[in-house]
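Work through the exercises below with the sequence and the model at hand. Each task is followed by a worked solution.

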Amino acid sequence: MFSAGRLCVKTAGREAGKHCVIVKKIDEKFVMVTGPREVTNVRRRKCNIHHLEPLMIKIDIKPDASDEEIIKVYEKEKIYEKLGIEKPKPKPKKEEKPKETKPEKKKGKEPAKKAKEKEAKPEKENAEKKTEAKKPEEKSAKPKTQEKKKK
Amino acid sequence: MPRPGLRVRALRKIRKKIPGGASIIFYFKKKPSPVKCAKCGKPLHGINPKSKKKTDRKVFRIYGGYLCSACAKEEIKAKARGG
């Protein structure tokens, strides 16, 4: 009854109520079980026979099969429809960003000083622009607060 | 007449006779009852409804906080067998 390929439902623990597949038999009491994880969120671990409820469905897999092989068999035999589960969505691939290369540090003190002076000038210009932008915002904010107090 | 602090519906009141012969009112504070299973009525384990942490107020299982573990097993089996 509890051999490789039998579909079950877990009745105890954190994963109670979810479907799983038996992968191999360890003992007279224990059994290795998996979801697979992408389908039903049940991890690959051992489980007690008394905490499983077997179903009338059985699939052909070798003992110690991987999750990818099990998913292929699921799609062949249309098990998603029999159990009433949705198919897992494919994960979007993460695009690798090109590594940003830092500019080479120039040796010597004089070129470093000139580079700092150049950096200081555009910072001052940006600071002046920010203060100019703040002043008209403050003026427009003041009459709004006065209107709220009147109400 | 009892003092104003005792004329409150939050207190439980019982009238009793004391050995001297007089009849007196006894006042008791009310306490909340424990959380119980919706099906069999037994008190549930692992739940403290007064704590501030979310993990102390629930159990991480299907029907957690509503049914006990035995009643939840019966519901899961009945669903799997076509109930």
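**Exercise 1.** Find the bridge partner of Lys24(A) in β3(A), and describe how the two strands are joined.

Solution. The structure is a predicted model.
- Step 1: Locate the strands. Strand β2 of chain A covers residues 19–25, and strand β3 of chain A covers residues 30–34.
- Step 2: Read off the partner. Lys24(A) is bridged to Met32(A) in β3(A).
- Step 3: Take the pairing as a whole. β2(A) and β3(A) run antiparallel and are joined by 4 bridges.
- Step 4: Look at the connection. The two strands β2(A) and β3(A) make a hairpin, with 4 residues between them.

**Exercise 2.** Identify the residue in β4(A) that stands opposite Phe30(A), and state the sense of the pairing.

Solution.
- Step 1: Locate the strand. β4 of chain A spans residues 45–48.
- Step 2: Find the residue. Asn48(A) is the one opposite Phe30(A).
- Step 3: Determine the sense. β3(A) pairs with β4(A) in the antiparallel sense, over 4 bridges.
- Step 4: Combine the results. β3(A) is bridged to β2(A) and also to β4(A).

**Exercise 3.** Set out the secondary structure, burial and contact range of each chain.

Solution.
- Step 1: Count the elements. Chain A contains 4 helices and 5 strands, while chain B contains 1 helix and 2 strands.
- Step 2: Put them in sequence order. The pattern is β-β-β-α-β-β-α-α-α for chain A and β-β-α for chain B.
- Step 3: Read the burial. Of the 151 residues in chain A, 13% are buried; of the 83 residues in chain B, 2% are buried. A residue counts as buried here when 20 or more other C-beta atoms lie within 10 Å of its own.
- Step 4: Read the contact range. Among contacts with a separation of 6 or more, residues 24 or more positions apart account for 45% in chain A. In chain B, 21% of the contacts between residues at least 6 apart join residues at least 24 apart.

**Exercise 4.** Check the span of helix α1 of chain B against the expected value, and say what follows the helix.

Solution.
- Step 1: Take the length. α1(B), residues 69–80, has 12 residues.
- Step 2: Compare the spans. From first to last C-alpha the helix α1(B) reaches 17 Å, close to the 16 Å expected at 1.5 Å a residue.
- Step 3: Go past the end. Gly82(B) follows α1(B) and has a positive phi, near 100°.

**Exercise 5.** How many residues does each chain give to the contact?

Solution.
- Step 1: Chain A and chain B supply 8 residues each.
- Step 2: On the side of chain A that touches chain B, 4 residues are nonpolar, 2 polar and 2 charged.

Note on methods
Residues are numbered from 1 along each chain as its sequence is written. Chains are lettered from A and ligands numbered from 1 in the order in which they are written. This is a predicted model: local features need pLDDT of at least 70, side-chain atom pairs count only at pLDDT 80 or more; totals for chains, interfaces and linings use all residues. Two residues are in contact if their C-beta atoms, placed from the backbone, lie within 7 Å. Ala, Val, Leu, Ile, Met, Phe, Trp, Tyr, Cys and Pro count as nonpolar, Asp, Glu, Lys and Arg as charged, and the others, Gly among them, as polar. A residue is buried if 20 or more other C-beta atoms lie within 10 Å of its own, exposed if 12 or fewer, and partly exposed in between; C-beta atoms are placed from the backbone. Two strands pair if DSSP finds at least two bridges between them. The expected span of a helix is 1.5 Å times one less than its number of residues.
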